[in-house]
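This report looks at how the parts of one protein model are placed and joined. Please keep the sequence and the three-dimensional view at hand while reading.

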Amino acid sequence: MLSNDNTVNINRRGDYHHGDLRSALIETSLSLLATKCGDDIGLREVARLVGVSATAVYRHFPDKQALIAALCECGEAELAAAQRAAAEAAGGGVAGFGASGEAYVRFALANPGLFRLMMSIRPATGWLTDVLDDKGAAMRGLRDDVAAVLPGSAEAHQRMAAIHAWSMVHGMAMLMLDGMIPADETLIKSISTPQFGGSPA
């Protein structure tokens, strides 16, 4: 390693240059979530795997919570992108809304460690409350999709429909992750028949 702690050696993960260290730290932490829970990931371990000193890590993430927040932001962006791609591939509308829900469950199954971490934090302005506040990309997409399939309905009804829809896909995802029901594709596809407590216009 060079004298500058922000410079990284070539290692098995690739050649990381000065400006790529933050991304390398996030990528390495995400890979650790494949076998560990968020509580078991330490900044020193991440530093060792990337090939830098702990001092270099602290320059990007002053504490573990800052790293966890970055991982959750990354996961939320990936989830939103997966849901949007699924909705667009299905042609939007009710079909797209159902496909977006399926994508939510599939994301959880493909990224169990990251998904559980995302659902375990509730910062004051965190994305878990965004179904009401309409801030995060995934929750904003949910609100937009509900509005599209319930045009002209009251905002309060759309908000409640969003909460019900999220409850359904999140409940299915957690039941599958916990082994309470099988991670069965037929069950996942059943999401495509939305239940809003009202008839889409």
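Helix α2, which runs over residues 43-50 of this predicted model, is mostly covered, since 6 of its 8 residues count as buried. Those buried residues are L43, E45, V46, A47, L49 and V50, and E45 is one of them although Glu counts as a charged residue. Just after α2 comes G51, whose phi angle is positive, at about 100°.

## Helix α4 and its neighbours

A residue of helix α4 that can be followed in some detail is A70. With a relative accessible area of 7%, A70 is buried, because the limit for that word is under 20%. Leaving aside its neighbours within four places in sequence, A70 is in contact with R22, I26 and F61. For one of these partners the separation can be stated in two ways: A70 and I26 are 44 residues apart in sequence, while their C-alpha atoms are 7.4 Å apart in space.

Helix α4 also meets helix α6, and the axes of the two come within 9 Å, crossing at roughly 110°. That angle makes α4 roughly perpendicular to α6, because angles from 65 to 115 degrees are counted in that class. The crossing of α4 past α6 is left-handed.

Which residues of α4 meet α6? On the α4 side they are I68, L71, C72, G75, E76, E78 and L79, and on the α6 side their partners are L114, L117 and M118. Sorted by type, the residues of this contact divide into 7 nonpolar, 1 polar and 2 charged. The spacing of such residues can be read with a general rule in mind: an α-helix has 3.6 residues a turn, so residues three or four places apart point the same way.

## Salt bridges between separate parts

How many salt bridges does the model have? The count comes to 6, and the table lists some of them, with the distance between the closest N and O atoms.

| Pair | N to O distance |
|---|---|
| R84 and D145 | 3.3 Å |
| E185 and R106 | 2.2 Å |
| R116 and D178 | 2.7 Å |

The salt bridge between R84 and D145 starts in helix α4 (residues 64-89), where R84 lies, and ends in helix α8 (residues 137-149), where D145 lies, so the pair ties together parts that are 61 residues apart in sequence. The two partners differ in how they are covered, for R84 is partly exposed at 31% relative accessibility, whereas D145 is buried at 11%.

The salt bridge between E185 and R106 has one end in helix α10 (residues 185-189), which holds E185, and the other in helix α5 (residues 93-110), which holds R106, so parts that are 79 residues apart in sequence are tied together. E185 counts as partly exposed at 37% relative accessibility, and R106, with a relative accessible area of 32%, is partly exposed as well. This pair also belongs to a wider arrangement, since E102, R106 and E185 are linked in a network of salt bridges.

In the salt bridge formed by the side chains of R116 and D178, R116 lies in helix α6 (residues 112-120) and D178 in the loop between α9 (155-177) and α10, so the pair ties together parts that are 62 residues apart in sequence. Both partners fall in the middle class of accessibility: R116 is partly exposed with a relative accessible area of 35%, and D178 is partly exposed at 45%.

## Two buried residues, S100 and Q158

Is S100, which sits in helix α5, buried or exposed? At 7% relative accessibility, S100 counts as buried. When residues up to four places away in sequence are not counted, S100 touches Q83, A86, A87 and D145. One of these, D145, has already appeared as the salt-bridge partner of R84.

Q158 lies in helix α9, and with a relative accessible area of 15% Q158 is buried too. Again not counting residues up to four places away in sequence, Q158 touches V146, A147, L150 and S153. Among these contacts, V146 and A147 fall within the span of helix α8, residues 137-149.

Technical notes. Residues are numbered from 1 along each chain as its sequence is written. This is a predicted model: local features need pLDDT of at least 70, side-chain atom pairs count only at pLDDT 80 or more; totals for chains, interfaces and linings use all residues. Side-chain values use heavy atoms; hydrogens and water are left out. A salt bridge is a side-chain nitrogen of Lys or Arg within 4 Å of a carboxyl oxygen of Asp or Glu. Helices (H or I, at least four residues) and strands (E, at least two) are DSSP runs, numbered from the N terminus. Buried means under 20% relative accessible area, exposed over 50%, partly exposed in between (1.4 Å probe, protein chains only). Axes are lines fitted to C-alpha atoms, for helices over the stretch in contact, and angles run from 0 to 180 degrees between N-to-C directions. Angles under 35 degrees count as roughly parallel, over 145 as roughly antiparallel, 65 to 115 as roughly perpendicular and the rest as oblique. A crossing is left-handed if the near helix is turned anticlockwise from the far one by less than a right angle, and right-handed if clockwise. Contact means heavy atoms within 4.5 Å.
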